[in-house]
Amino acid sequence: MELELKYQELNYKKRVLFRTFTKEETFEVNLSETQPDAVRTICTTASPYMRTKDAENGRMSVSGSFDVSVLYASDAAPAINRISLTRDFSAFTECDEVTEGSQLTAEITVSSAEARLINSRKLHIKVELLYTLAAYENASLSLPSGFADQNGLESMSEITRFTAPSSVNEKTFAITDEQTLNGIDDIAGAMLSFSVEDVRRVGAKAVVRGTAKTRIVYTQNSGYIAAKTLESPFSQVVDLDEEAEYSDFLVTVMGTGAYVAKDQSGESDSVSLELHGVIQCVSYKEFEAETLSDAYSISGDLTLDTSSVSLMNFLGTEKASTDISCEFKTPQDVRSIDAILAFPGLSTAGREELSVPTNITTVYSSQSEEVFGAARGASGQSALSSSDEAAYFVISSYADAEHAEYNRTEDGIAVRFSVRTLLERSKILCLNYISSASLDPCEESGEKRPSLIACRVGDNDTLWSLAKRYKSTPDSILSVNGMKNESELTRGRLILIAKN
């Protein structure tokens, strides 16, 4: 006889895709007729802006544009020149579980930007973009938690707690700001990034506080180059799907556009900023899964079938700081170090260590007062605190080149700075449960059975195991032996068990 089970329904968001990858964008550009010949490139800046993110059946795609600025040196006046342009980008990744209804998050950053001379009138530019893409689907989990009719049945259930996404929301916003850069002549390039410092739930809303960081490369009135990070704080309210007790948030902010310009009147050193971005907020909630783990019948033989399901348990976010150190050998004697640009690459996280590759450009002036640029890659490692089998996912990285330490050496330049990385820590949970049960009732016989059985408690005996073995109940064993709880069921104790 098939027995009817009662079920618990859990509704949450399942992350069906999380992928990071890089893609190169390469192209050639000619100098305009009004620009002097190039003798060397100095530095390259790039900043991407997302336009769309789309889900199709089995595929997630993103598109947008990126601004590129290249500073180069010339033997003619002016000595430092700039090429600025905008290029489109697009990328996709495939995943069978992505559908048109998937909710998406995306972050695109620059992991390297460089330019080299093909000849004095043509440049080859290469920009490598780092994509972090995620997709979420509505998910429902139906778990047997007990029997619809407990008559003659004893059952045991287990409570498993896990944290999973509950809602995915986003909000577009804009920041206008004006700041001062002393001695600025012209802006040569700008790179936009965002950091999130705090997220708080207020009812059915999330209050997100952070900072927009605009790394400005600019020429000075003195003729030299400098770099400065302009910070613009922001506070935004994001509507959530429901007023729930969210346990955590995973928030990323992606730039969708930027306007950065110097005051053209020439009467001040002010820089105007108009920054556009989209806040992508994944809300997490703790769920309780009650599953039927064991059962028996006091009036027959119970046959049980089992099943299992795997769940991703979100354990929280973790911030890591990785020191990057490298040395540049320069053929010229260094007079001053004018700017440091850094682009974190495709970081990898094991169970114990985070590895952060970074591309670095140093702009310096020689003793002959010429401006040069030197570029190279470096990598840093930092320890992770995980002590279990949890997996780390790298969400985003930010290079703090503004506070870089650098000095001249006998051969060139030594640079040291930190990269701040946001990681997610998750673990796979496997839930085993009884999925169906059938009962074969015992046939009545004229044989009289004893109503009480004496037994001695063994090493691994529990109230449940003894009750199941002798077709009694845990409450009955406690009552017959005058015990208050299972702690009195000690090894070697002689007890009586009433059979039903």
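This is a short chat about one sheet, one residue and two pockets in a predicted model.

Reader: Hey, what should I know about the numbers before we start?
Author: The model is predicted, so local features need pLDDT of at least 70 and side-chain atom pairs count only at pLDDT 80 or more, while totals for chains, interfaces and linings use all residues. Residues are numbered from 1 along each chain as its sequence is written, and side-chain values use heavy atoms, with hydrogens and water left out.

Reader: Cool. What's the order of the strands in the open sheet?
Author: The order is β2-β3-β4, with antiparallel pairing. Strands here are DSSP runs of E, at least two residues, numbered from the N terminus, and two of them pair if DSSP finds at least two bridges between them.

Reader: And which strands stand at the edges?
Author: β2 (40-56) and β4 (80-94) do; each has a single partner strand, so one side of each is left without a neighbour in the sheet.

Reader: How many bridges link β2 and β3?
Author: There are 15 bridges, in the antiparallel sense, and β3 covers residues 59-73. One pair to look for is proline 48 with its bridge partner in β3, phenylalanine 66.

Reader: Switching to threonine 45: buried or exposed?
Author: Threonine 45, which is found in strand β2, counts as buried at 3% relative accessibility. Buried means under 20% relative accessible area, exposed over 50%, and partly exposed in between, with a 1.4 Å probe and protein chains only.

Reader: What does threonine 45 touch?
Author: Leaving out residues up to four places away in sequence, its contacts include Asp67, Val68, Ala188, Met191 and Leu341. Contact means heavy atoms within 4.5 Å.

Reader: OK, pockets! What's the volume of the largest one?
Author: About 1,000 Å³. Of its 45 lining residues, the closest to the centre are Phe194, Ser195, Ser396, Ser397 and Tyr398. A pocket is an open set of points on a 1 Å grid over the protein atoms alone, where a 1.4 Å probe fits, with protein on both sides within 12 Å along at least five of seven lines; lining residues have an atom within 4 Å of a point. The volume is the space filled by probe spheres set on the points, which are joined across faces, edges and corners.

Reader: Which strand gives that lining its largest share?
Author: Strand β8 (residues 184-202), with nine residues.

Reader: And the second largest pocket, what lines it?
Author: That pocket, with a volume of about 410 Å³, is lined by 24 residues, and Pro78, Ala79, Ile80, Asn81 and Gly223 lie nearest its centre. β8 gives the most here too, with four residues.
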